[in-house]
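Open the model in a viewer and keep the selection tool at hand. The tour below goes from the whole chain to single residues.

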Amino acid sequence: MTGPTREATADLITLPGTPLADAVMDLIRPVETPSVFNHSIRSYLFARLVADRFGLAVGHDYQDDLLFAACAMHDLGVASDGPHNQRFEVEGADRAAEFLLDRGVTAADADQVWQAIALHTSPGIAERRGTLCVLVREGVGLDFGGALGSGHVDAVTDEQADAVHAAYPRLDMIRSLTDAIVAQAAKNPANAPRYAIPGEFLRERETFGRTRLEHACRSSRWGN
C-alpha cells in the first residue's frame, strides 16, 4: 500500500501557526509529558478530519484557532504545574479560559473552549453544546481508537493515521494519561467525584490495578 504524498502529509499534520496557537504550544509543552502532549496534538489533527467528514468549513462552521486551543489544552488539568484542586476536566477548562482571556480572546469564545474541555469526557452532553464541543470530543475519542465509543473512527484512513503517528508518536499514551489522571485525582477527594472519569479511574486502579478503559484500549484500533 502506498503512503500519502509529501504534500498531503504536510497538509495533514500542519498546525495553525498563529500567535495564539504558538502561545498554546509554549504553555503546554513544558508541563505535559511527551505522551500527553502528543495525544493533545493528535486530537486536534483527528478533529479536523472529523470536521471534513461532517462537511464543516473552517472560518464558517468553526474557528481553527479555537479548535486547536481546545484540543491542545484539553488535558491541561493534569499538567505538572497545576493547582490540582478539582476534577481535571474543570481545572483544565478554567486554566484554558483564563489563558485565552489574557490574550485578548473574547469571553464568548473563551467560554466555548471552556465548555469543550470541561465536557470532553461527558458523552451525551458534549454533543449538544455546539460544534466545538462535538469536534473536541470526537478528536479525543478518535485518538483512543474507538474505545470511547466514537462513531467516526473510520474518518481516519490507515495512511492518515500513519502520518499523524509518525509526527506525534503514541508513546504508550493510554497508560501515561491514565497515570496522570489517577495521580491528580489522588491528591484531593474533590478531584475524584464518584461516577466521574477521574473518580472511577482512581477506584478502578486501586481495586483492579488497571482501568476498564485501559483494558478496552488493548483491542482498539491503535492498541495503546
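What follows is a series of selections in a predicted model, each with a note on what is there.

**The whole protein**

Begin with everything shown as a cartoon. The protein has eleven helices and zero strands, so coloring by secondary structure will show helices and loops alone. Read from the N terminus, each element in the series is α.

Next, look at the overall dimensions. A box of roughly 50 × 45 × 35 Å along the principal axes holds the C-alpha atoms. Is the radius of gyration what a compact globule of 224 residues would have, or does it depart from that value? The rule gives a value near 17 Å and the protein has 16 Å, so the two agree.

Now switch on the surface. Its accessible area is about 10,200 Å², and carbon and sulfur atoms account for 52% of that. Of the 224 residues, 52% count as buried. Among contacts with a separation of 6 or more, 67% are between residues 24 or more positions apart.

Select the charged side chains. There are 21 positive and 31 negative ones, and the centres of these two sets are 7 Å apart.

**Helix 2 and helix 4**

Select residues 64-72, which form helix 4. How many of the nine residues of helix 4 are buried? Eight are, and the helix is mostly covered. The buried residues are Asp64, Leu66, Leu67, Phe68, Ala69, Ala70, Cys71 and Ala72. To see what lies over them, add helix 2 (19-28), helix 3, helix 5, helix 6 (107-118) and helix 7, which are included in the cover.

Move to helix 2. Its buried residues are Leu20, Ala21, Ala23, Val24, Met25 and Ile28. The cover over these residues includes helix 3, helix 4 and helix 5. Helix 2 is thus part of the cover of helix 4, and helix 4 is part of the cover of helix 2.

**His39 and Asp143**

Select His39, in helix 3 (residues 34-54). Is His39 buried or exposed? It counts as buried, because its relative accessibility is 0%, where buried means under 20%. Show side chains here: a polar contact of 3.4 Å joins His39 to Asp75. Beyond residues up to four places away in sequence, His39 touches His74, Asp75, Val140, Asp143, Phe144, Met173 and Leu177.

From that list, go to Asp143. This residue belongs to helix 7 (residues 131-143). Asp143 also has a relative accessible area of 0% and is therefore buried. Apart from neighbours within four places in sequence, the contacts of Asp143 are His39, Arg42, Ser43, Phe46, His165, Arg170, Met173 and Trp222. Met173 is a contact of His39 and of Asp143, so select it with them to view the three together.

**Pro83**

The last stop is in a loop. Select Pro83, between helix 4 (64-72) and helix 5 (88-102). Pro83 counts as exposed because its relative accessibility is 52%, and the cut-off for exposed is over 50%. Which residues does Pro83 contact, leaving aside its neighbours within four places in sequence? They are Glu91 and Arg95. Draw a distance from Pro83 to Arg95: their C-alpha atoms are 9.9 Å apart, with the two residues twelve apart in sequence.

Methods. Residues are numbered from 1 along each chain as its sequence is written. This is a predicted model: local features need pLDDT of at least 70, side-chain atom pairs count only at pLDDT 80 or more; totals for chains, interfaces and linings use all residues. Side-chain values use heavy atoms; hydrogens and water are left out. Helices (H or I, at least four residues) and strands (E, at least two) are DSSP runs, numbered from the N terminus. The radius of gyration is taken over C-alpha atoms; the globule rule is 2.2 Å times the number of residues to the power 0.38. Buried means under 20% relative accessible area, exposed over 50%, partly exposed in between (1.4 Å probe, protein chains only). Contact means heavy atoms within 4.5 Å. Accessible areas come from the Shrake-Rupley method with a 1.4 Å probe; for residues, only the protein chains shown count as cover. Lys and Arg count as positive and Asp and Glu as negative; His and the chain ends are not counted. The place of a charge is taken as NZ of Lys, CZ of Arg, CG of Asp or CD of Glu. A polar contact is a pair of N or O atoms within 3.5 Å; within protein, one must be able to donate a hydrogen and the other to accept it, and residues adjacent in sequence count only if both atoms are side-chain atoms.
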